[in-house]
Amino acid sequence: MKYAIIIPDGAADEPLEELGGRTPIEAAATPNMDRVAREGRQGTARTVPEGFESGSDVATMCLLGYDPKVYHTGRAPLEAAAQQIPLSKTDWVFRCNLVTVVDGIMKDHSAGGITDGEAQKLINELARGVDAPGFEFYTGVSYRNLLVYRGEQDFDVTTKPPHEIPDEPIAKHVPRGKGSELLNRIMDRSAELYRHHDINAVRADTGHNPATQVWLWGQGHAPALPTFKERFGVAPGCMITGVDLLRGLAALLGWENLSVDGMTSFHDTNYAGQGQATADALDRYDIVFSHIEAPDEASHQADFKTKVEAIEAIDEHIVGPVLAKLRTFPEWRILVMPDHPTNIRTRKHGYAPTPFAMAGTRVRGVVAKPYSERNAAASDVKIDRGHELMEYFLRGGNL
Ligand SMILES: [Zn+2]
């Protein structure tokens, strides 16, 4: 049996006036996702359990079949796994975003999607310019950097994801609790160092959001996950994604991470390359997980046009070729679903159950309708504990 899982991150949304009362998925031309939904079945799964913040770390872990209540220790530790940063049990990892804050307001959680090279220079400058014993900085992809702490201080802090506080005053959301002074000192120091930085002067001149400071959040210790093979008996598996978080999860699951030239987390990504790589990987792996970040980033920018285009590109260049490839195998199944909704209206991740579509061997059709939030919600298949969806998928829609 060959399994393909395709995740258009944050694609689910609400009906939008700008789209004539349709959601971006409804507005987008998605013949291939519709084919999956018509031939197979749709339903919804709650991928963010009660009490959790809606984030890709929680939601993706859940849809991979791992209950976040049991396994989730924070977002940053998953990204540390992607970067193969060694962690002892007592080490802490924090996400260290480069962000744009203007007049005390969080304007952009991504500092205009800053380049890797610029991010590297700014992070290195902070590492040299701050007095913070026990802390080590690691640069990642674009604005997504990490800070590891290997010192004596224990933390019990509340932090806030910067993409969850767009246009809000940061003073309300800075780290609080035991150990937070250390974190706030690093954030404040970055603001001083970056204020008149050359990189920001150039970014401002070229109309890009400057990186005005770092923002610390997503902290945790290293998690302990059973591999996907141990948990579900399906192997070998691989992951194709442009973001470190998903690469980290894959590494912890015992999957290989495949790279694709030109794959990014934005709409400039190489969709066709990723589709080809996903289809090709099915020759070598029994389960292939392909994740595309672009719809989520477009939602955070409230850019509904790009969101619709991203969904269409995923349908045409990834779902289409993967479906065609799967049909060359005697037994196969496909699952298409976002990890969580990201709403254009709020520019934030949502909490509504996520619509999924699955098709393939022994998946009996139920409602032959195109893929959409509304059609999925109208189906009888409602998986309240989202981590049970993987089992459901692997068994062909029978629990
Ligand atoms: Zn996500």
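Two strands are said to pair if DSSP finds at least two bridges between them. The legends below describe close-up views of a predicted model.

**View 1. Strand β10 and its two partner strands.** Three bridges join β10 to β11, and these two strands run parallel. On another pairing, β10 (residues 237–240) meets strand β12 (residues 287–292), again in the parallel sense, over four bridges. Cys-238 takes part in both pairings, for its bridge partner in β11 is Glu-256, while in β12 the residue that stands opposite Cys-238 is Val-288. In a regular strand the side chains alternate between the two faces of the sheet. In β10, Gly-237 and Met-239 point one way and Cys-238 and Ile-240 the other way, and all of these residues are buried.

**View 2. The open sheet of eight strands.** The strands of this open sheet follow the order β11-β10-β12-β1-β13-β16-β2-β17, and their pairing is mixed. At the edges stand β11 (256–258) and β17 (382–383), and because each has a single partner strand, one side of each is left without a neighbour in the sheet. The edge strand β17 is joined by two bridges to strand β2 (residues 41–45), with the two running parallel, and in this pairing Thr-44 stands opposite Lys-382 of β17.

**View 3. The surroundings of Pro-49.** The loop between β2 and α3 contains Pro-49, which counts as buried because its relative accessibility is 11% and buried means under 20% relative accessible area. When residues up to four places away in sequence are not counted, Pro-49 touches Val-58, Pro-68 and Lys-69. A further residue to look for in this view is Gly-386, which is 337 residues apart from Pro-49 along the chain, although the C-alpha atoms of the two are separated by 7.7 Å.

**View 4. The zinc ion and its donors.** The zinc ion is coordinated by two OD donors of Asp-9, by OG of Ser-56, by OD of Asp-339 and by NE2 of His-340, at 1.7 to 2.6 Å. Along the chain, the donors of the zinc ion follow the spacing D-x46-S-x282-D-H. Distant parts of the chain are linked here, since Asp-9 belongs to the loop between β1 (2–8) and α1 (24–27), whereas His-340 belongs to the loop between β13 (332–336) and β14 (342–343), 331 residues apart. Asp-9 is buried, with a relative accessible area of 0%, and His-340 is buried too, with a relative accessible area of 0%.

**View 5. The packing of helices α3 and α10.** Helix α3 (residues 56–63) packs with helix α10 (residues 244–253) at an angle of about 35°, and their axes are 10 Å apart. The crossing of these two helices, α3 and α10, is right-handed. On the side of α3 the contact is made by Ser-56, Asp-57, Thr-60 and Met-61, and on the side of α10 by Leu-245, Leu-246 and Leu-249. Sorted by character, the residues of this contact between α3 and α10 divide into four nonpolar, two polar and one charged. Ser-56 thus appears in this contact as well as among the residues that coordinate the zinc ion.

**View 6. The crossing of helices α6 and α7.** The axes of helix α6 (residues 116–129) and helix α7 (residues 180–195) come within 10 Å and cross at roughly 115°, and α6 passes α7 in a right-handed crossing. The residues of α6 that make the contact are Leu-122, Ile-123, Glu-125, Leu-126 and Gly-129, and those of α7 are Ile-186, Arg-189, Ser-190, Leu-193 and Tyr-194. In the contact of α6 with α7 there are six nonpolar, two polar and two charged residues.

**View 7. Strand β3 and its antiparallel partners.** Strand β3 (residues 92–102) is largely enclosed by the rest of the structure, because ten of its eleven residues are buried. Six bridges join β3 to strand β6 (residues 144–149) in an antiparallel arrangement, in which the bridge partner of Arg-95 is Leu-146 of β6. With strand β9 (residues 213–220), β3 pairs in the antiparallel sense over six bridges, and here Asn-97 has Trp-215 of β9 as its bridge partner. The pairing of β3 with strand β4 (residues 105–108) is antiparallel over three bridges, with Val-102 standing opposite Ile-105 of β4. Together β3 and β4 form a hairpin with two residues between them, and Asp-103 in the turn has a positive phi of about 50°.

Note on methods
Residues numbered from 1 in each chain as written. Predicted model: local features only at pLDDT ≥ 70, side-chain atom pairs only at ≥ 80, totals over all residues. Heavy atoms only, no water. Axes fitted to C-alpha atoms, helices over the stretch in contact; angles between N-to-C directions. Left-handed = near helix turned anticlockwise from the far one by under 90°. Contact = heavy atoms within 4.5 Å. Nonpolar A, V, L, I, M, F, W, Y, C, P; charged D, E, K, R; others polar. Donors = N, O, S within 2.8 Å, 3.2 Å for Na, K, Ca; no water. Buried < 20%, exposed > 50% of the residue type's maximum accessible area, 1.4 Å probe, protein only.
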